[in-house]
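Here are some short exercises to work through with the model open on your screen. Try each task before you read its solution.

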Amino acid sequence: MTDTVSQSQRVEKRKLLDTLEVDTRLLGMIGAFIVVCIVFNVLTDGRFLTARNIFNLTIQTVSVAIMATGMVFVIVTRHIDLSVGSLLATCSAMMAMTQTWFTPDILGLGLNHPLTAPIAILVGIATGVAIGAFHGWLVGYLGIPAFIVTLGGLLVWRNVAWYLTNGQTIGPLDANFRLWGGINGTLGAQWSWIVAIAAVAFALYTLWQSRRSKISHDFPVKPMWAEVLLGAIVAIAILGFVWILNSYQIPGPRLERMFEARGEVMPEGFTAGYGLPLSVLLLILIAIVMTLVARRTRLGRYIFATGGNPDAAELSGINTRLLTVKVFAIMGALCAISAVVASARLTNHSNDIGTLDELRVIAAAVIGGTALAGGIGTIYGAILGALIMQSLQSGMAMVGVDAPLQNIVVGSVLVIAVLVDIIYRKRTGAK
Amino acid sequence: MPLDTSSRGTPLVELRDISIAFGGIKAVDHVSVNLYPGEVVGLLGHNGAGKSTLIKCLSGAYQKDAGEILVNGDKATINNPRDARTYHIETIYQTLALADNLDAASNLFLGRELTTPVGFVDDAAMEAETRKIMGRLNPNFRKFADPVSALSGGQRQSVAIARAVYFNAKILIMDEPTAALGPQETQMVAELIDELKRQGLGIFLIDHDVHQVKALCDRASVMKNGQLVGTVRVDDVSEDDILAMIILGKTPEELGVASAAAG
Ligand SMILES: Nc1ncnc2c1ncn2[C@@H]1O[C@H](COP(=O)(O)OP(=O)(O)OP(=O)(O)O)[C@@H](O)[C@H]1O
Ligand SMILES: [Mg+2]
């Protein structure tokens, strides 16, 4: 009796999910993330889910998450990149040299010139793209396995970075450059709301646009209520996130210093929220661009086709060698962008920047559902994977778990996550 | 050879003296075949005779070691599948060559996606086109949203056929196109071949079914151990003659001479 009831309830639930056309895998990951958050919140007596900690969590996730989006493409095409942490270090070293030596001394721009940060970032991205493309050429055209090329790269680029800087820490970095690091560059409450509202409008427009396109081709569409419900969930999620970031207040002494720097006096009782960090905004933009590339461009289509069946892709006229170069070049560019965020957050370039990031990035992509066999993976999954990893790590640190035990847990979670994914795919018959 | 092809002008495709070896194995050994507009040429032979390898030299999947390819009488350079497509050569591979993780429409348009004015891939338009062509080839086909890994062998084959005929091919290569198809679908492919032939396409058809070859083809070329046994007009020979060519590696004349000498 009870059995049939739960059976029919399960069927109902399935129907609801089908109607909403949401990815059940995504729901599972969000569910896992929520469980992690709640458990740590209980263990830390409510310190985990404070605005302050959520703010910190997001800015700590950005660097790995940015690289994880690129790692999705690499793994989807059946390759791997073990060199991302070292590549990040080389890009960071190049950018640090540019802004502390090249632009102030050689170009004579002095310190904190407005052109310094853009020049440094361009140099960093050019470095990342060049090295990434070189890796891709070795893999695609010379046929050396990516595992070997990037394992070599892991050693080479870490130590090229060392030679570039003579092993020294370089800092402090340019003031405008540091804005990309997180807490030093936030939009403030008002602009954060504006961005949030724009994002909601964009999301709703996308939903509406896709419905209209389906109708124009006589394809089946979701019922209107499902569409509205989905739109409402998205809007609430965006606005809620920004509300949390806005409610993390800038400490009084820090505000006073900011007013002093502008030669003003802080009014009595003045408060301000941090709002959306620029680095998080950057991650969101990268996520949107990478998702568009994956789903809406030929490049993305070829990346997935090649991962699904490299021979078929080649026979369909896709230049899979050049594609490999492009995929690794994108990975290199994203390592450079991550290097901007990581070194700006530390306010200097240090030798060990990005150490072990390759493992975090690969783990994030894999926890996010990217299949090492190739052909399958999503950008949002990888970002969520990075967020889950970072939450585990920070949560355990807050609870006071020993560092060795933290690593044991993270490692185990990676393996269990993949196991759960395998079971899920078998059950649902998805590949 | 009692084949009077000289009076028909330039062939659509001519493969001259093609050779290709893998390691020490001569997979194709000095083979010449040709194809005229509106003609279906069957390629027959035992397993491993070199049929697929020969047509892969034409489709750009392999690079021949020696020999030349002429399209409309002009020497053609075909180094990769992209080159073959520029000569309007379309191929249905024996292995089908589908990306299992993509849906039917993405596979059909792979490498030639329809795009929106902004340059994004236009999935809706491609699905609509796929629905149209599948309606002609395999009206029972419904699985447009699933990745092709979720399709049956025959459904997958339908997708591969649709891809080859959608893009206005002039030369069509079909490597065992009906191997996985049911009787009704096989019949539809036979009708399709007849229709394409009437439109003036040239078709290379690789098939193990001698009966089907006799029904669909104008000429048949038989290969054995990488070499060409001979090319015959199917109306001039019996099914047994063709079988003898495949199994014994001898043309009807050679057999006739041999039996005359013996008798
Ligand atoms: N890529 C390759 N590498 C090495 N040997 C190959 C390769 N492709 C084909 N061969 C060899 O070439 C010969 C001809 O193979 P091919 O696939 O052309 O045969 P086929 O006539 O199409 O046979 P079937 O009827 O079984 O499809 C075989 O001996 C095969 O083993
Ligand atoms: Mg074959």
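**Exercise 1. Which residue of chain A forms a salt bridge with Glu113(B)?**

Some ground rules before the solution: this is a predicted model, where local features need pLDDT of at least 70, side-chain atom pairs count only at pLDDT 80 or more, and totals for chains, interfaces and linings use all residues. Residues are numbered from 1 along each chain as its sequence is written, chains are lettered from A and ligands numbered from 1 in the order in which they are written, and side-chain values use heavy atoms, with hydrogens and water left out.

*Solution.*
- Take the cut-off: a salt bridge is a side-chain nitrogen of Lys or Arg within 4 Å of a carboxyl oxygen of Asp or Glu.
- The partner of Glu113(B) is Arg298(A), with the closest N and O atoms 3.5 Å apart.
- Between chain A and chain B, the count is three salt bridges.

**Exercise 2. Work out how much area chain A and chain B bury, and what the chain A side looks like.**

*Solution.*
- Buried area is the accessible area (1.4 Å probe) that two parts lose on being put together, summed over both.
- The two chains bury about 2,200 Å² between them, with 60% of it on carbon and sulfur atoms.
- In chain A, Phe219(A), Arg301(A) and Leu315(A) lose the most area to chain B, together 30% of what that side buries.
- Now count residues in contact (heavy atoms within 4.5 Å): chain A gives 24 and chain B gives 28.

**Exercise 3. Find the residues that coordinate the magnesium ion (ligand 2), and place them in chain B.**

*Solution.*
- Donors are N, O and S atoms within 2.8 Å of the metal (3.2 Å for Na, K and Ca); water is not among the atoms, so sites may look incomplete.
- Ser52(B) uses OG and Gln94(B) uses OE1, at 1.9 to 2.2 Å.
- Ser52(B) sits in helix α1 (residues 51–59) of chain B and Gln94(B) in the loop between β6 (89–92) and α3 (104–108), so the pair ties together parts 42 residues apart in sequence.
- Those elements are DSSP runs numbered from the N terminus: helices (H or I, at least four residues) and strands (E, at least two).
- For accessibility, buried means under 20% relative accessible area, exposed over 50%, and partly exposed in between (1.4 Å probe, protein chains only).
- Ser52(B) is buried because its relative accessibility is 17%, while Gln94(B), at 43%, is partly exposed.
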